[in-house]
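Let's take a walk through this structure together, with the sequence and the 3D view side by side.

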Amino acid sequence: MVRCENLVRIFRTGGTARGGVEVQALQGLDLTVARGELTALVGASGSGKSTLLGILAGLDTPSAGTAEVAGADLGGLGRRARTEYRRRTVGVIQQQTARNLLPYLTARENVQLPMGYVRLPRRRRAARAAELLELMGIAAAADRTPQALSGGEQQRVAIAVALANEPQLLLADEPTGELDSATSAEVFGALRTANRELGTTVLVVTHDALVAEQVRRTVRIRDGRTATEVLRSEADAADRGPGAEYTVLDRVGRLQLPREFTESLGLADRVRLVLASDHVEVWPDRPRTP
Ligand code: ADP
Ligand code: MG
């Protein structure tokens, strides 16, 4: 569903041709997400998570490298194709609950709004909105405006809005960032429901360790690159075990060791590699000084 290869995004600030400052928000990121997966994306503030989601949402374009979603090459979309992509292929949920919904429309009207953009026949809009609100567990709130809804209810309506045009990919940027933990669990539950019941591929940026523990795959971004992944088996997921830690190996064979590993063994500058029959050993260059 998603394939990013060597994805780069450079922001130029300061305006003038000379003397502007360059920020390399993504520096050669590789990421693959299979159809139907629910993946958590974690990483420190400023590591490039929102930049990545902006590109996948079709709101921003890469400076270099490839980003493909559902077969669409996001670097090369024309204006009309980009608009169609944003209306039909992806659904987006923002962290700021207030940004996802129009304040003067009811929950039902908010969910129906995107259906108008793709000219879904009017009589089908009401039925589909009702179905989605039901699926998100907020049918009772259909005729309320956002100000009459709790933060968690607003985010669940926002998920229904994002699902209105049956997107293949749902992108959520810290959707529970403004919520307490009980409410976060409900919102995360709604994302899981969309993934399970509708088969929508979900990529969710989160700071919430509990969320990251509940998904099969967690990808960590460090400094604009995918650094490590944790994959859990069904058994791990059931008892919330730690899961096995993986790291991304890019096309030319580079990998990044987690900082905990390099620090605990004092790995720096150069390491010694040994090829064994079924694995690779990474040794400190020198024995550690006591
Ligand atoms: P995260 O979502 O992981 O906190 P972001 O993707 O928002 O990280 O930001 C990554 C880096 O890019 C940061 O250093 C941020 O300051 C910078 N950045 C993001 N958007 C812009 C922008 N529009 N202009 C300039 N710099 C930006
Ligand atoms: Mg962010």
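We begin with the ligand and its surroundings, then turn to a patch on the surface.

Keep in mind that this is a predicted model. Start by centring your view on ligand 1, whose shell is made up of F11, T13, V23, A25, A44, S45, G46, S47, G48, K49, S50 and T51. By residue type, this shell holds four nonpolar residues, seven polar ones and one charged.

Now zoom in on the oxygen atoms of the ligand. An N or O atom in the side chain of T51 sits 2.5 Å from an oxygen atom of ligand 1. For K49, a polar side-chain atom is 2.8 Å from a ligand oxygen. S47 takes part through its backbone instead: one of its backbone N or O atoms lies 3.2 Å from an oxygen of ligand 1. How much of the ligand does the protein bury? On its own, ligand 1 exposes 560 Å², and the protein buries 62% of that.

Which elements give two or more residues to this shell? They are strand 1 (2-13), strand 2 (21-33) and helix 1 (49-56). Helix 1 provides the largest share, with three residues.

Next, move along the sequence to V271, L273, L275, V280 and V282, which form a nonpolar surface patch of about 470 Å². Strand 12 (271-275) and strand 13 (280-284) each contribute at least two residues to the patch, and strand 12 has the largest share, three residues. One residue to click on is V271, found in strand 12. V271 counts as partly exposed because its relative accessible area is 32%, a value between the 20% and 50% cut-offs.

Conventions. Residues numbered from 1 in each chain as written. Chains lettered and ligands numbered in written order. Predicted model: local features only at pLDDT ≥ 70, side-chain atom pairs only at ≥ 80, totals over all residues. Heavy atoms only, no water. Near = heavy atom within 4 Å. Polar contact = N/O pair within 3.5 Å; in protein donor to acceptor, adjacent residues only side chain to side chain. Areas by Shrake-Rupley, 256 points an atom, 1.4 Å probe, with all protein chains shown as cover. Helix = DSSP H or I, 4+ residues; strand = E, 2+ residues; numbered from the N terminus. Nonpolar A, V, L, I, M, F, W, Y, C, P; charged D, E, K, R; others polar. Patch = residues over 30% accessible without salt bridge, like charges linked within 9 Å, V, L, I, M, F, W, Y side chains within 5 Å. Salt bridge = Lys/Arg side-chain N within 4 Å of Asp/Glu carboxyl O. Buried < 20%, exposed > 50% of the residue type's maximum accessible area, 1.4 Å probe, protein only.
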